[in-house]
Amino acid sequence: MPELPEVETIARDLRRLIVGARVSGVSSNWPRTLRSHDPETFSAVLVGRQIESVGRRGKQLLIALGSSHRDPAPAVLTVHLKMTGQLFVVPAGTLGDRHVHLVLALDDGRELQFRDMRKFGRIGLYRRDPATGLPVAGEAAGVLASGDEPLSDGFTARRLAELLSRRWGRIKTLLMNQDFLAGVGNIYADEALWRSRIHPLRDAHMLRPADARRLHAALQSVLAEAVERRGSSVDDYTAPEGDGSMQEHLDVYQRAGQPCHRCGRQVRRIVVGGRSTHYCGWCQRLPAGQKPGVPAEPAPPVRRGPRWTEFSGEAALGRTREEEAAVADRQRRLAATRKSAATRRAAARSSGAHVAAPSAVPSAAPSAAPSGASSEGIA
Ligand SMILES: [Zn+2]
């Protein structure tokens, strides 16, 4: 799932591409993509509004819109890409494949396509509070993350230490909680914990001030570096102007069985709260009192969070045969996705729909074959 750096990259690309354009039409073919309205109302409320800015809160995009002839109130679109959501800016009429579920026609002859293979992505349309840029109070309750933005000025080491001291539970699970920190998910939680040498199963409130300081520095450095590199193009993530390269610079995420970049020992993989977790057992130690199976002293309160399990044998280093099959399947899907994205970007470039320099588009393009799009497209 795209995390803070990936969504920030998409927001920056879109800002260059669509700010100033006006929405002239809407078509959708999967009503559940729309969080706030049925398709007809969504279209009626949206059409005629000009795109004023593109921002981000946690893992969601915020597309600010002006008034329309039927409604003087400014509005905002919230876009949560979830697992497989992608956004492309293409010339009007570019054939979408069967995974394109929403198209916003723009008044300048282009369109914004929302492609979502797994259909978990969600888009909401709300009245906008001009002061905050966010949906007006009460309109989008529970839609946006309430946790701190880890790259904001207010998120200091002292602030993190304070937040941690109030929380019980595994640090890995806590870092991914969007009401604790906004924008951190599986990739950057694993990477930040490795950088700060903190075991993913450590109890949050047991971390010392020095641990919190290292974790704070690690979170900010890994997220800033990933923004710089346009995010990690693992799974289905791609941005309107091309993939990221952070995946080539990750230290533990999806590197189980490979040598730790710090000590050379094998990176291990466990499952915490249902999520794959990657760490170095040598660099990231669990305190003796907290070793699995050894009750902590004094006994902590009953934990209501997700349970964790540890694989033994081959799975702890590398993958089981079932997982290998799942990974191969995902890679096949990914290849199709990349091809489709490259085809779209090539179409956009050849028509001049993108204002950015072609050099911003990385190496995915050479494999661009004739469009693999099926006739089921809705364009
Ligand atoms: Zn190590």
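**Cut-offs and verdicts in a predicted model**

Author: The protein chain has an average pLDDT of 86 (the predictor's confidence in each residue, from 0 to 100), and 83% of the residues score at least 70. This is a predicted model, so to speak of a local feature I need pLDDT of at least 70, side-chain atom pairs count only at pLDDT 80 or more, and totals for chains, interfaces and linings use all residues. Residue numbers start from 1 along each chain, as its sequence is written.

Reader: Where does the pLDDT stay under 50, and how many contacts does the model have there?

Author: Residues 302–315 are one such stretch, with 21 contacts beyond four places in sequence; a contact means C-beta atoms, placed from the backbone, within 7 Å. Residues 355–379 also have a pLDDT below 50, and the model gives them 55 contacts beyond near neighbours in sequence.

Reader: What does the chain come to in secondary structure?

Author: The count is 7 helices and 11 strands, taken as DSSP runs numbered from the N terminus (H or I, at least four residues, for helices; E, at least two, for strands). Among contacts with a separation of 6 or more, 66% join residues 24 or more positions apart.

Reader: Why is Ile63 called buried?

Author: Buried takes 20 or more other C-beta atoms within 10 Å of the residue's own, exposed takes 12 or fewer, and partly exposed is in between, with C-beta atoms placed from the backbone. Ile63 has 27 C-beta neighbours inside 10 Å, so it counts as buried. Ile63 sits in strand S3, and beyond four places in sequence its contacts are Ile51, Val54, Val76, Leu77 and Val79. Its C-alpha is 9.7 Å from that of Leu134, 71 residues away in sequence. Across the 379 residues of the chain, 41% count as buried.

Reader: And what makes Ala161 partly exposed?

Author: Ala161 has 18 other C-beta atoms within 10 Å, so it counts as partly exposed. Ala161 belongs to helix H3 (residues 157–165). Past four places in sequence, Ala161 is in contact with Pro209 and Ala212. The C-alpha atoms of Ala161 and Arg213 are 7.5 Å apart, with their positions 52 residues apart along the chain.

Reader: Which residues touch the most other members of the largest nonpolar core?

Author: Leu61, Ile63, Val76, Leu175, Tyr188 and Ala192 do, out of 77 residues. A nonpolar core here is a set of buried Ala, Val, Leu, Ile, Met, Phe, Trp, Tyr and Cys residues joined through C-beta atoms within 7 Å. Helix H1 (residues 4–18) gives the largest share, 7 residues. Leu61, leaving out neighbours within four places, is in contact with Val7, Ile10, Ala11, Val54, Arg56 and Val79.

Reader: How do you know where this core lies relative to domain 1 and domain 2?

Author: Both domain 1 (4–144) and domain 2 (157–318) give residues to the core, so it lies between them. The domain bounds come from an automatic or database assignment.

Reader: Why do strands S2 and S8 count as edges?

Author: Their sheet is open, antiparallel and ordered S2-S3-S4-S8. Two strands pair if DSSP finds at least two bridges between them. S2 (51–57) and S8 (122–127) each have a single partner strand, so one side of each has no neighbour in the sheet. Inside, S3 (residues 60–65) and S4 (residues 75–80) pair over 6 bridges, with Leu65 opposite Ala75. H1 lies across S2 and S3, at about 175° to S2; axes are lines fitted to C-alpha atoms, for helices over the stretch in contact, and angles between N-to-C directions run from 0 to 180 degrees.

Reader: What makes S1 and S5 edges?

Author: The order is S1-S6-S7-S5, in an open antiparallel sheet of 4 strands. S1 (23–28) and S5 (85–91) have a single partner strand each, so one side of each is without a neighbour in the sheet. S6 (residues 100–106) and S7 (residues 110–116) are joined by 5 bridges, and Val103 has Gln113 as bridge partner. H1 packs on this sheet too, touching S5, S6 and S7, its direction making about 20° with that of S5.

Reader: Which residue takes a positive phi in the hairpin of S9 and S10?

Author: Gly273 does, near 55°, in a hairpin with 2 residues between the strands. S9 (residues 268–272) and S10 (residues 275–279) pair antiparallel over 5 bridges, and Arg268 has Tyr279 as bridge partner.

Conventions. Contact = placed C-beta atoms within 7 Å.
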